[in-house]
Amino acid sequence: LNETADVGIVGAGQLARMMLQAAIPLGLRVQVLAASPSDGGAIVASNVVIGSPDDPEALRAIAQSCRALTFDHELVSVPVLQQLEAEGYCIRPASSVMAVSQDKRLQRDLFSSCGLPVPRYAIVQEIEEAERFADETEYPVAVKAARGGYDGRGIWKVETENQLKDLTGSLLAREITPVIEPWVRLEREVAILIARRPGGETVVYPLVETVQERGMLKELVAPAEVPESLHETAAWIAIEVASALEVVGLLAVEFFVVDGELWINEIATRPHNSGHYTIEGTVTSQFEQHLRAVLDLPLGATGLTAPHVVTVNVVGSETQQDSDQSLRDALTVPGAHVHLYGKSWRPGRKLGHVTVAGDDLELVRSRARAAAAYLAGG
Ligand SMILES: Nc1ncnc2c1ncn2[C@@H]1O[C@H](COP(=O)(O)OP(=O)(O)OP(=O)(O)O)[C@@H](O)[C@H]1O
Ligand SMILES: [Mg+2]
């Protein structure tokens, strides 16, 4: 073996960037496989290899030079990961977990087979199946590409039969398998993070409320202001899913709250946007925790550092701002922790986030929103 790093990360977006930041105090060496040298994680890494996550040789090279290989996103070829596991490389989470986290269809099937609550759903192989489902459950319905979606891309709210025919027809023609489900009347959305070591030790983070705008996460409130029973049920479900999958590293479970009950929406098996509040808001950040778990190091405490923590994403507005002035303005907001991802501005692009922690939820929220608004511009 020719090890140059403790952890290798496939992908070099903001999650890799924040993992790099967490690796520094632990003295861990990290190598990243970046698609482009200008990726937010690549520009701050000292050990970068440029290559595609689809290239088996690039993946083998990074697996060879690290004690454990992990991921910044799930769009990685499962057969290639299986091959690397067969060759003895340490892939965390395993290829079997990556297969599930990259496919909403496998997720729905797994959770329902475990008896966990999911919305009613069907896997669509023919247009008629989608029509039958929508007739039974009534419109609107949600149609989702089983793979490849993120930030609301790959999800459609469908109101009429004609729309449904056109959409499922065009997806099937492109060999994209859709999942169909009712467009549920959400009271709110919540999410929970859990970390698991190879031997099965787990730690669970507090349940948080997630507020989405146009399918993209906009705001996080920790802890979620919901009845205690939902906190308990969410933690229990997270433990069930983590053990069923034998996840190593972090697992995020996103839920819908419908009629006071939790339904699983989807999972991610890596650090997740719903955990960005943990950098300042909990004893151990999700990024550090993920590194600890994939290297089989002792896990850290997950308690909140303040009664209330709010994180607001910075999403590029329609008009470009003077970024020097935006930062100057954001930094005047008391207690605002600014995180920028090193990305160039584009309308609707996730550029960073701001976290504020404190005793008074309304004050914390308004400060986080104000700082994020300065940074987003417009
Ligand atoms: N069946 C549904 N009914 C109502 N709203 C839904 C439904 N499915 C998804 N949504 C809304 O769309 C958002 C994005 O959906 P989902 O989490 O499945 O997609 P994604 O694009 O994979 O997201 P992510 O960025 O979290 O990876 C959800 O958080 C929710 O607000
Ligand atoms: Mg989601």
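Two strands count as a pair if DSSP finds at least two bridges between them. That idea helps with a look around this model, which is predicted. Take β5, for a start: two bridges join it to strand β8, residues 178-182, and the two run antiparallel. One of the partners is easy to look up, since Ala 122 has Ile 180 in β8 as its bridge partner. As a bit of background, strands of a sheet pair through backbone hydrogen bonds, in either a parallel or an antiparallel way.

Now for the rest of that sheet. It is an open one made of four strands, in the order β5-β8-β6-β7, and the pairing is antiparallel. At the edges sit β5 (122-123) and β7 (155-158), each of which pairs on one side only. Helices pack on the sheet too. Helix α6, residues 127-137, touches β5, β6 (141-145) and β8, and its direction makes about 10 degrees with that of β8. Helix α7, residues 161-173, packs on the sheet as well, but touches β6, β7 and β8; its direction makes about 155 degrees with that of β7.

The loop between α6 and β6 has a couple of quirks. Glu 138 is found there, and it shows a positive phi of about 75 degrees although it is not a glycine. With a relative accessible area of 56%, Glu 138 is exposed. Pro 140 lies in the loop between α6 and β6, and the peptide bond leading to it from Tyr 139 is cis, with omega near -5 degrees.

Similar oddities turn up further along the chain. Ala 222 and Pro 223 are joined by a cis peptide bond, with omega at about -5 degrees; Pro 223 belongs to the loop between β12 (216-222) and α8 (228-245). In the loop between α8 and β13 comes Glu 246, another non-glycine with a positive phi, here about 50 degrees. Glu 246 is exposed because its relative accessible area, 54%, is over 50%.

Next, the metal. The magnesium ion (ligand 2) gets its protein donors from Glu 254 (OE), Glu 254 (OE) and Glu 266 (OE), at 2.0 to 2.7 Å. The pair links distant parts of the chain: Glu 254 is in strand β13 (residues 249-258) and Glu 266 in strand β14 (residues 261-268), 12 residues apart. Angles among the six donor atoms of the ion run from 52 to 177 degrees, and the site is irregular. Glu 254 itself has a relative accessible area of 16%, so it counts as buried, the cut-off being under 20%.

Over at helix α2 (residues 56-64), the buried residues are Ala 58, Leu 59, Arg 60, Ile 62 and Ala 63. These pack against β1 (5-10), β2 (30-34), β4 (66-71) and α3 (78-86). The N-terminal end of α2 is capped by Asp 55, with a side-chain oxygen 2.9 Å from the backbone nitrogen of Glu 57.

Asn 47 has its place in the loop between β2 and β3 (48-50). Its side chain makes polar contacts with the side chains of Gln 31, at 2.8 Å, and Thr 4, at 3.4 Å. Beyond its neighbours within four places in sequence, Asn 47 is in contact with residues including Ala 5, Val 30 and Val 32.

Last comes Ala 306, found in the loop between α10 (286-294) and β15 (308-315). This alanine is buried, at 16% relative accessibility. Residues up to four places away in sequence aside, Ala 306 touches Ala 357 and Gly 358.

Note on methods
Residues numbered from 1 in each chain as written. Chains lettered and ligands numbered in written order. Predicted model: local features only at pLDDT ≥ 70, side-chain atom pairs only at ≥ 80, totals over all residues. Heavy atoms only, no water. Donors = N, O, S within 2.8 Å, 3.2 Å for Na, K, Ca; no water. Tetrahedral: all angles 85-135°; square planar, octahedral: opposite > 155°, others 65-115°. Buried < 20%, exposed > 50% of the residue type's maximum accessible area, 1.4 Å probe, protein only. Contact = heavy atoms within 4.5 Å. Axes fitted to C-alpha atoms, helices over the stretch in contact; angles between N-to-C directions. Polar contact = N/O pair within 3.5 Å; in protein donor to acceptor, adjacent residues only side chain to side chain.
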